[in-house]
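Take a first walk through this protein chain. Keep the sequence and the model side by side as you read.

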Amino acid sequence: MRMADAEGLDYKDVAAIVRGALCFGRLRFHPKALMFKSQATGKIDQFGSADICETHWMRASRGYQLVVITNSNAVTKFVGLEEKNKDQIKRFIRDYYDATFIEKEPFVKGWNWGSVDFAGPLMVFHNDGKPLFEVPLPDVSTATVNKNEVTVEFHQDDDTDMSLVEMRFYVPNTTNDADDIPADNFHKSVMKYADVIKATGDVIVKFEQVLLQTPRGRYDVDMYPSFLRLHGKSYDYKIPYTTMIRMFLLPHNDQRSVYFVISTDPPIRQGQTRYPHLVIQFIKDDWSDLTLELDEETIATKYEGKLQKEMAGPTYETFSKVMKFVVGQKIFVPGNFVSSSGSQAIACSHKANSGFLYPLEKGFMYVVKPPVHIRFDEVSSVNFSRVASGVGQSRSFDLEIETNTGANYIFASIEKKEYSKLFDFLKSKKIRIQNTKGGDETFADDFGDGHSASDNEMPDHYLEKMKKEGEERDSEDSDESEDEDFVAGETPDTSPSSSSESEEGEEGEKKKKKKVLKETEVGKQRERKSSPKARKEPAGKKTKAQRKAERDPNKPKKPPTAYFLWLGVNRANIKDKNPGITVTEIAKKAGEMWRNLDADEKQEFEDKANKMKEEYNAAIIEYNKTAAQNPRPVPSPKAKSTSSAKPSSKSSSSTYKSKEIINTDDDLSTDSDEEKPLKPKSSPPPKPAPKEDKKRKREEPASSSKRDGSDSSDDSDVPPPEDSGSSSGGEVPAPQTKYEVEGCPGHRAR
C-alpha cells in the first residue's frame, strides 16, 4: 500500500472530501509536495511542502482521516487511512514538511451543545475539550442571522445522492452590550472564510457577444480576478476559476474557426441540465484590441509580468492568453496526430450528433454536442467495429471506448481511410485494442483491403500471390454442389400436377431451389435462391453445370507449392501459439514466417514441391495422350421443343396409359413392344431429374440420348413417334415419358 520512505509514501483507495462528497483517488507523500490524483476527473491537487502549515489526525467513519491546512487557508480532508499508517505519516511530515502533526480524540457522547472555536478556515464544535465535528468554512456558500440563530448553507454536489444542505446554530446572548451580539460575531467569523462568489472588484477584460456551442447561445464574457461571468439574454453564470480543471484550444476541420473548451468540476447547471464542458467558438479572422484593467504593479507581482496592459491580435489568441494566466492553468492543444485529410480531428458522430474527435497526447476530446473528455489512463480497451452490417463493404467504422469504470463511448461514422492513422496512434499510446463483439472476426475483415488489426506495414505481395494461387486451385478442385441448369438427355422429374398442366397446354414453371448455409458460432447466415425463370447464358458460353459435367475425375491435380507444403505442416502449430487467431491472421503470420525461414529449411519443401511437379508433368503428358486416343463422351445440348407428346387413347388390355401416376424409375425407361408412343402436344420444358439419377445418367449419355429423343448421332436407331391425333406434320416430337396406372374396372385413360 505504501512505497519506501526514500521515494515517499503512496496510498491507494483514499478519498478526499470535496463539498461533502467522497472523491476517491490516490494520495502520495513526496519530499517536495503532497499530491492527490482524483480517479474520476484525473485532476492532481498539489500542496508544496512549504505551503503546509498544520495537519490533524483523527478517527472518522471510514477508518482515520487526515486534515491538511495550508498557508492560504485551504482545508482538505482525506479519509480511508488505517491506524498503522499514523506513525509512517507522522515521521514523514516531521522530516520533510514544515508542519505540525496534531492527534485528536473525538467526542462520542452524541450531545448537540458545546463551544465553537474558529481555527482559521476550520470551525470546530467541541465539548469537554474534545471535538464533536469540524466544518471547513470554504464549503459554506452563505450564512444568515436571525436574532440568536445563525443558518449556515453549504455548496451542493450533484454527484451525490444525499448531502448536507444547511446547519442551524443557536447562539445565546450572554451580554447586555448591543454592539457585541454573539450571533453577529458568529456570523462574521463564518463569512470571513466562506466561499461566497461576490462581484467585487473591477472587470479585468470583457468580450462581447461570444458564441457558445455549449450551453447554446451568445454571451458577454466578463473576466473578474476570481471568477468568470457569462451574461446572456436568459441566463447568467458565475464560474469560479478554482472549479476550472482543464482548458483546450482545438482547431476546426474547416480551418476557419477554433474551439476553446473549459472543463469545470462541479459543472454548471441550467435547470436540470449540467454542463461539465463549456465550448466557445471563435472565428480565426476576428481581431481584438484589448486594454486590461490592471495596474503595472499587479501585472508584475500577481501575473509575473506575463500579461501586457495593451494586447492586440486574433480574438481566440488574446482570449486564450488572458485565461491561461488569470486561471493559472495550462491550455492543451492537439499533438502529433494528423488525419488522412491533413487535419488534427476526425469527423464522426456521438449519440446521433455529428462532431469532431481530437486525439490528444493524454486523452480524447470530442466536440461539439455533447462534449466528452476521456483520459488515456482511464481507458480499459478500444474496439473497432463496423457501422452497418449486410452485403457489401462498409465505408465507415465505429470506435468504441470502454473505461475502467465500465462506461462505454461509441464514436460512429468514421471514414474508412482514418483507420490506419487512428490505429497507429492508439498503438503508440500503448492502449489495448480488442474486438469485444466480433468473435473470431477482426476489423480488417470489414475493409477487405489486406489490413489486419496488427498490420501497419507495407503490403505483402508474396502472400497475396500465394493466396491467389490457392484460390485458383481450390476453385478448380472444388466439389461444392451448384445449382444446375437443364441438360439434354436427362429424364425430367415430373409430377401429377405438372402433367395436368402439360395436358392443358399452359406453360409450367421451374421449381425454386434453396440452399441455406446454417449459421455458425462465428455467425453468418446466407440464403441463395435460384431464379424462377430459366437462366439466360451468353451465346457460346458454357454454364457452371456444363463445365462441371465435362470435368474428368481421372485428370491429375496440380501439385501444391513449397509454401503450401510448409503451411500444411505448421498450420496447427501457429494456431496453438495464437489462440483465437482468424484465417486471415493465420495467412498473414504464415507469410511472415515463410519469408523469414532459413534457406536450408525452405530447400526441404522446395525439393518436395519440385519432385511433385515433375510427377505431375509426367502424369499430365500421359493423360493428354490417353485423352486424345479415347476422347471422353460429353452429352450434347438438346434443342428445346415447341411441342410435347400426348398419350394415345389406345391401350392394351393389360396396361392402361394415363397421367394419374407418373413413374420415373430407370427400370421403366425402355419401351416395351406393347406400348405405343405418346401423341405430341404442347407442354412445358422437361424439368431436371433428381440428383441421384443425374450421376447415373451421365455415366450412360448415349442411352439417355436415345430415350429422350436427343439429336445426337445415335438417334438414328430410334423410330419417330407415331401420331394418333390430328397434329401438324411440322411439330417436333418431345421426349417420351411412360405413364402407367394399375388396371381397375371402370377406369378410363385420359
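The tour below goes from the whole chain to its cores, then to a sheet and a helix.

This is a predicted model. The protein chain has 750 residues, and 38% of them are buried. It holds 14 helices and 35 strands. Many contacts reach far along the sequence. Among those between residues at least 6 apart, 54% join residues at least 24 apart.

Start with the largest nonpolar core. It has 37 residues. Those with the most contacts inside it are Met223, Leu228, Leu230, Phe260, Ile262, Phe319 and Met323. Which elements give two or more residues to this core? Seven strands in a row, from S15 (205–214) through S16 (217–223), S17 (227–231), S18 (236–240), S19 (244–251) and S20 (257–270) to S21 (273–283), are joined by helix H4 (315–327). The largest share, 6 residues, comes from H4.

Now look at Met223 itself. Leaving aside residues up to four places away in sequence, Met223 touches Val203, Ile204, Val205, Phe207, Leu228, Tyr241, Phe319, Val322 and Met323. Leu228, Phe319 and Met323 are among these partners, and they also belong to the residues with the most contacts inside the core. Apart from this core lies another, of 23 residues. Cys348, Phe364, Phe376 and Phe425 are among its members.

Next comes a sheet. It is open, has 3 strands, and runs in the order S12-S13-S14 with antiparallel pairing. Which strands stand at the edges? They are S12 (140–146) and S14 (166–170). Each has a single partner strand, so one side of each is left without a neighbour in the sheet. On average, neighbouring strands are turned by 15° against each other, direction ignored.

Strand S13 covers residues 149–154. S13 and S14 pair over 5 bridges, in the antiparallel sense. In S14, Glu166 is the bridge partner of Glu153. A helix joins the picture here. H2 (residues 182–193) lies across S12, S13 and S14, and runs at about 170° to S12.

Finish at helix H10, residues 562–577. How far should its 16 residues span? At 1.5 Å a residue, the expected value is 22 Å; the end C-alpha atoms are 22 Å apart, which agrees. Even so, H10 bends by about 50° at Asn570. Asn570 is also buried. So are Ala562, Tyr563, Phe564, Leu565, Trp566, Leu567 and Ile574 in this helix.

Conventions:
Residues are numbered from 1 along each chain as its sequence is written. This is a predicted model: local features need pLDDT of at least 70, side-chain atom pairs count only at pLDDT 80 or more; totals for chains, interfaces and linings use all residues. Side-chain values use heavy atoms; hydrogens and water are left out. A nonpolar core is a set of buried Ala, Val, Leu, Ile, Met, Phe, Trp, Tyr and Cys residues joined through side-chain atoms within 4.5 Å. Buried means under 20% relative accessible area, exposed over 50%, partly exposed in between (1.4 Å probe, protein chains only). Helices (H or I, at least four residues) and strands (E, at least two) are DSSP runs, numbered from the N terminus. Contact means heavy atoms within 4.5 Å. The expected span of a helix is 1.5 Å times one less than its number of residues. The bend at a residue is the angle between axes fitted to the seven residues ending there and the seven starting there. Two strands pair if DSSP finds at least two bridges between them. Axes are lines fitted to C-alpha atoms, for helices over the stretch in contact, and angles run from 0 to 180 degrees between N-to-C directions.
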